[in-house]
Amino acid sequence: MSPTVDLRAVPFRLDDDQVDWVERTLAGLTVEEKVGQLFVGMYFPDPTLDPGLSASGEADLARHGLGGIRYTGGTAAQVQALVNDLQGSSPIPLLVAANPESGGDLCCEEGTYLANGAQCDASDGTEVPYRAGLVGGREASALGVNVAFAPVVDVLVNWRNTVINTRAHGATVDDVLRSTDAQARGLRDADPDLAVCVKHFPGDGTEERDQHLVMGVNELHPEAWDATFGRIYAHHIAAGVEMIMAGHIALPHYSRALDPTLTDADIQPATLSPELIDGLLKTRLGFNGVVMTDASHMIGLTGSMRREDAVPRAIAAGCDMFLFLNDVTEDLGFMMAGVRDGTITPERLDDAVRRVLGLKARLHLPERRARGTLLRRPDALAVVGCEEHLRWRDEAADRCITLVKDTAGVLPLSPRTHRRIRLYYLEGDVRPWGRPTRPWTPSRPNSSRAASR
């Protein structure tokens, strides 16, 4: 039995009026409208990236009532205009997500890059990660964003991991806790109505697989997981994190401990595993918030089963929102089929939607719409790339410099001793859709990426 939400408890803490709004809104939705609230669509502020998707956004929202949106690319003005247009077209206020992992640079083209996870860890303190959260939260909020897909709370156990290599805040639990706790505080201080979403449960960083290409596997046994990733998630849950992103990552030893009947063939990524979402995250760890799937186009999900099965299975497993649609009509149809055939029970559907609506109430979206303050004004964009943020960026670049001692006597390199050299460029913000929102160049004034190379 899937745990049911308590809207008066952490992380929602709703009052009577807010609970009443959630229950009245839920009661007024048709089954099709409830299904719409489970989805987060992808949109493109810059119409040159994908004119079809950008042009259809308002119609999609008006017709299907999606629960949230995420976007990629675009200038600050383009992003704000798109978010305002989509918020105005949505029957229920939208959750609007962005990835302020390293400041505001992943939120819009002019956003301020402050420091990635590796740099935050290298600063050996809390000021740089706190400012990364504060800058990212301020700039995201000015655009109309109300959900931060950050911080990354994975542990870089295996340095060969390519997914979170420079995004991780450390190689030890204590380092990750110190840095991500500071970044989360910065995000909340930037805007109390900005939800924090930590990722990627049950934890990346132990392996060399890439969930964009294959299902990930966290090989830790239950005792080791409890002492590492479990500590991190328990800490952020106690701190009131509103959302947790489930990765397309299996945790086979824990899955079998929770359900001894599982065979190797039964092991699925967390996004499709009731024993991990309902059993471990929501029951054992007591998470009462919203569980978001990682991007649903990743092969870690699509290679696990047919999409028509995976779409409803993710919600049945305990996830509350489904990130991205391949085709709006088709994916909504897959979810509706799962409701009709009982894969998603009425109780599970209502609980997921109640959590989504509860988060919207927690962020005061209905009240802000009623007051006319939900949409952002152009003058709010003055904070994007402002002088203070650029000064903090430069200070962070200085503090993140790390001294490495050549204990193996490798340097200086010589063509006599090293006839062939292979050079790797590590990047943590390459986007799978369209062109990069900000191509890196050493001469660009608003970039400190040279310090992270």
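Leaving aside neighbours within four places in sequence, His200 is in contact with Val152, Asp154, Ile164, Arg167, Tyr233, Met245, Gly247, Ile249 and Asp294. That's a good place to drop into this model, which is a predicted one. His200 sits in strand 5, and it is buried, with a relative accessible area of 6%. One of those contacts is polar: the side chains of His200 and Asp154 meet at 2.8 Å.

The backbone around here deserves a look too. The peptide bond joining Lys199 and His200 is cis, with omega about 15°. Another cis bond runs from Phe201 to Pro202, where omega is near 5°. Pro202 itself lies in the loop between strand 5 and strand 6 (216-217).

Phe201 also leads us into the hydrophobic interior. The largest nonpolar core has 110 residues, and Phe201 is among the members that touch the most others, along with Phe39, Leu143, Phe149, Ile244 and Met335. Which helix gives the most to this core? Helix 15 does, with seven residues. There is also a second, separate core of ten residues, including Leu114, Ala115, Leu134 and Cys400. Back in the 110-residue core, take Phe149 and skip residues up to four places away in sequence: its contacts include Arg70, Ala97, Pro100, Cys197, Lys199, Met243, Met245, Met292 and Leu323. So that you can tie this to the start of the tour: Lys199 is the residue on the other end of the cis bond to His200, and Met245 is also in contact with His200. Next comes helix 7 (residues 173-190). At 1.5 Å a residue, its 18 residues should span 26 Å, and the end C-alpha atoms are indeed 26 Å apart. The buried residues in helix 7 are Val173, Val176, Leu177, Ser179, Thr180, Ala182, Gln183, Ala184, Gly186 and Leu187. What covers them includes strand 5 (195-201), as well as helix 5 (117-122), helix 6 (127-143), strand 4 (147-148), helix 8 (222-227) and helix 9 (229-238).

Between helix 5 and helix 6 there is a loop that holds Asp124. Its phi is near 55°, a positive value in a residue other than glycine. Asp124 is exposed, with a relative accessible area of 62%.

Helix 1 (residues 16-27) gets the same length check. Twelve residues at 1.5 Å each should span 16 Å, and the end C-alpha atoms are 16 Å apart, which agrees. Which residues of helix 1 are buried? They are Gln18, Val19, Trp21, Val22, Thr25 and Leu26. These cover an arc of only 155° around the axis, which puts them on the same side of helix 1. On the other side, Asp16, Asp17, Arg24 and Ala27 are exposed. The cover over the buried residues of helix 1 includes helix 2 (31-37), helix 15 (346-362) and helix 16 (365-371). At the N-terminal end, Asp15 acts as a cap, with a side-chain oxygen 3.1 Å from the backbone nitrogen of Asp17.

Now for Arg307, which belongs to helix 13 (residues 307-316). Is this arginine buried or exposed? At 14% relative accessibility, Arg307 counts as buried. A polar atom of its side chain lies 2.9 Å from the backbone oxygen of Ser296. Not counting residues up to four places away in sequence, Arg307 touches Ser296, Thr302, Phe322, Phe324, Leu325, Asn326, Asp331 and Phe334.

Phe324, from that list, is found in the loop between strand 10 (322-323) and helix 14 (328-340). Like Asp124, which has a positive phi, Phe324 has a positive phi, near 85°. At 5% relative accessibility, though, Phe324 counts as buried, whereas Asp124 is exposed.

Another loop residue is Thr72, placed between strand 2 (68-71) and helix 4 (76-89). Thr72 counts as buried, at 5% relative accessibility. From Thr72 to Pro3 is 69 residues in sequence and 34 Å in space, C-alpha to C-alpha.

Last, the cysteines. How many disulfides does the structure hold? Zero. Cys107 and Cys108 make a handy test case. The sulfur of Cys107 has its closest cysteine sulfur in Cys108, 6.6 Å away, and that is too far for a bond, given that a disulfide needs the two sulfur atoms within 2.5 Å. Cys108 is likewise in no disulfide. Both cysteines are tucked away from the surface by the accessibility numbers: Cys107 is buried at 1%, and Cys108 is buried at 2%.

Methods: Residues are numbered from 1 along each chain as its sequence is written. This is a predicted model: local features need pLDDT of at least 70, side-chain atom pairs count only at pLDDT 80 or more; totals for chains, interfaces and linings use all residues. Side-chain values use heavy atoms; hydrogens and water are left out. Buried means under 20% relative accessible area, exposed over 50%, partly exposed in between (1.4 Å probe, protein chains only). Helices (H or I, at least four residues) and strands (E, at least two) are DSSP runs, numbered from the N terminus. The expected span of a helix is 1.5 Å times one less than its number of residues. The arc is that of the directions from the helix axis to the C-beta atoms. Contact means heavy atoms within 4.5 Å. A polar contact is a pair of N or O atoms within 3.5 Å; within protein, one must be able to donate a hydrogen and the other to accept it, and residues adjacent in sequence count only if both atoms are side-chain atoms. A nonpolar core is a set of buried Ala, Val, Leu, Ile, Met, Phe, Trp, Tyr and Cys residues joined through side-chain atoms within 4.5 Å.
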